[in-house]
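Colleague: Please take me closely through one part of this structure, the way its strands are arranged and what packs against them. I am in my first year, so please explain each term as you use it.

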Amino acid sequence: MTQLTRRNFIKNASGASVALWLGLSLDGKAQVMAGPAQAVNFTPYILIEPGGGITIFNTKPEMGQGTFQSIPAIIAEELEVSLSQVTIKNTNGEKEFGPGQSAGGSASIRTSYNNLRKVGAAAKEMLVSAASTRWGVAANECVAKEGVVIHKGSDKKLTYGELAEEAAKLTTPKEPKLKDPKDFTIIGKNEKRPDILLKVNGKAEFGIDAEVPGMLYASVERCAVIGGALKSFDDTAALKVTGVVKVVTAEKLMGKYRTTGVAVIASNYWSAVQGRKALKIVWDTKGNEKFNTAEYEKNLRLLAKEPGLLDKNIGAADTVALDAANTIEAFYETPMVAHHALEPISCVAYVQGEQLEIWTSTQVPSAVTGSGANNLHKQVGFKPENIKLHNKFIGGGFGRRLYVDFIIEAVNIAKQIDKPVKVIWTREDTTQFSPHRPMTFSQLKGGFSKDGALTMFQHKVISPSYFEAMADQYDRTKVDGIMVEGIGEQEYEIPNLKTSFVRADFHVPIAAWRSVTSSTVAFAHECFIDELAHKVKKDPLDFRLSLLTKPSDTKRVLQKLKEVSGWGKPLGKNKGRGIAVWKFFAGLCGQIVEVTYNAATKSVKINKVIAVIDLGEVVNPDTVKAQVEGGIIMGLTAAIKTGITLEGGMIKQKNFNDSPVARITEIPPIEVHILAEGGTIKGVGEPGLPPFAPALANAIFAASGKRIRKLPFDIDKI
């Protein structure tokens, strides 16, 4: 394995002796370098070769959310080149690109939009300056267009490649002039995503496609009872399977949970699986075989009686004087769910002495190579500079691939053999042995003054702790902010507001799931807002607007929803509309769902979904619409399809047959409206999910009079 140095990286990336590199340092300042010179804390994005080739690096892993197009598009807009002129390359956690090489939290654009524009604008400014100097004219007499600098007075032209060496010697402008958005030719337009063609024609390589010369295959048997431990195993029969070369133990670390499995290594995957089936293993289930979901849910309901840890307290929610007749309480429940990414988990690892090379699909390349938080090297014993990653396209992340447990397991297997080894999880492994979104229950209470004004609102979350699952050192006396995400941050104006958290013991690994806890607490919160509106006989949308007297992003979204949906117009018999809106760390989206209730069959048909997402700025509207649609489809799956349950300490569901996802024939028409009117830049990948379930449940109530407070539910038997 060739050690990755800055010189080798540049040679491999460009094949050129001199190139203009431009990026952002970790403190946000633009920097530039020429050729293979060294730079400290340098995060390059642009490479311009003398021959005119332009490469823009995408530092955010592509998992279907469109960063392969959107990150380069922002830079290209200010650089004055079209994407057809650009070669796009994904980064692989290289130190030169810094610790921000990750995709999660809908953060890719919202946290880098302005800086990426500056990267492109600074490069353009330097190229124009180099041209003006060569021609002996003022810079304002020159204009950049499609990778060429033109002198307006004489029509002289120089390509960026011809100017790269001179431009590299100039001082990088700290605050380059940015384009007026009205002049954008890429940003805000429906641009074709270059990764789509690669995926359609089969050229895109995903982690599970990785092939390395001489590699072996491994399949791992793990304890089916969650929390169990390996006592002993007999590999006699496994070693007799043709193709099996070795059987080893393999430790996996997920958050604070360490588990050991038995890996069968073979010359082909079939043999590895057959050898795994032939293993005879004795497990110590440690009493966890008694655990089941039904009993655990009873425990969560009992814990709701606890006062919990105070999260947010505005006014005097506990002591405000209210008539009992003017108060209302409700209890909401949401289940465990699987990530169900289409691409099963896999990883190729190759250990050669102190060198480690990895081929996989991960949302956190910089954590794998050691330049980010929760570094892999701390768990597998390799120096960060000795780890090389080949990060592939990701066939769905949804939060699952934010964790490196499967990479740790693969490396620990590879340490025990002198060839690269590809560890493949079956679909059943991926469903049963991955971490899941935890079940989350909510207790709510609201109260009105005598004149019908909402005066008090309380939301208590009862659930396991995400942060505790990540580390034993978590302080249980503190509120887990992940688990109360968003419930105290809505823009409704309520004078007495209290949010709290009750922690529940849980021995099952849990993980962030698309939109994290907002995917659960928004259901409870926005359904209860509807219950409050019904209590005082007010229209659900108008009731929400009455709680938003001040200008706010939420108010604009609701007003837009009212405008585009025809809210208030009669729908007809047995039809209903439901509304929900949710603002959290990732962004803001509101939705209206229209349904028809069949009283004879007690079934519901979803007729239409209308979504309004507020972004502040939009890079590619078509990608935004796709992401909102995807969020709605995942929200539908979590609302009406079987979740994840445990019986006898084991995950009961194994594959899509018993934990299905929504099929295309079940998807209603979806209409997406985008607000991009400036202001705070918000995310795209997750905000489309949280409002769907409450909007659907509220629509069902409007059509049938039946209130849904527990997910999942059978949409064909309401």
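Modeller: What follows is a walk through the sheets and their helices, with a short look at a few single residues at the end.

This is a predicted model, in which local features need pLDDT of at least 70 and side-chain atom pairs count only at pLDDT 80 or more, while totals for chains, interfaces and linings use all residues. Residues are numbered from 1 along each chain as its sequence is written, and side-chain values use heavy atoms, with hydrogens and water left out.

Let us begin with an open sheet of seven strands, whose pairing is mixed and whose order is β11-β12-β9-β19-β16-β17-β18. Strands here are DSSP runs of E with at least two residues, helices are runs of H or I with at least four, and both are numbered from the N terminus; two strands pair if DSSP finds at least two bridges between them. The edges of this sheet are β11 (244–254) and β18 (387–391), and because each of them has a single partner strand, one side of each is left without a neighbour in the sheet. On average, neighbouring strands are turned by 25 degrees against each other, direction ignored. For such angles, axes are lines fitted to C-alpha atoms, for helices over the stretch in contact, and the angles run from 0 to 180 degrees between N-to-C directions.

At one edge, β18 and strand β17 (residues 355–360) pair in the parallel sense, joined by five bridges, and there W359 has H390 of β18 standing opposite. Helix α7 (residues 269–278) packs on this sheet, where it touches β9 (216–221), β11, β12 (257–266) and β19 (421–424), and its direction makes about 25 degrees with that of β9. Contact, in this account, means heavy atoms within 4.5 Å. Helix α11 (residues 405–414) also packs on the sheet, touching β9, β11, β12, β16 (346–352), β17 and β19, and its direction makes about 145 degrees with that of β11.

We can now turn to an open sheet of four strands, again with mixed pairing, in the order β23-β24-β25-β28. Its edges are β23 (575–584) and β28 (670–675), each with a single partner strand, so one side of each has no neighbour in the sheet. The average turn between neighbouring strands is 15 degrees here, direction ignored. Strand β24 (residues 587–598) pairs with β23 in the antiparallel sense over ten bridges, and one bridge brings A580 together with Q591 of β24. Helix α16 (residues 553–565) lies across β23, β24, β25 (603–614) and β28, at about 130 degrees to β25. Helix α18 (residues 692–704) packs on the sheet as well, touching β23, β24 and β25, with its direction at about 155 degrees to that of β23.

Finally, some single residues are worth a look. H525 lies in helix α14 (residues 518–535) and is buried, with a relative accessible area of 3%; buried means under 20%, exposed over 50% and partly exposed in between, with a 1.4 Å probe and protein chains only. Leaving aside neighbours within four places in sequence, H525 is in contact with L444, F457, H459, I487, Q490, Y492 and W582. Two cysteines, C223 at 11% and C347 at 2%, are buried too, and the structure holds zero disulfides, a disulfide being a pair of cysteine sulfur atoms within 2.5 Å.
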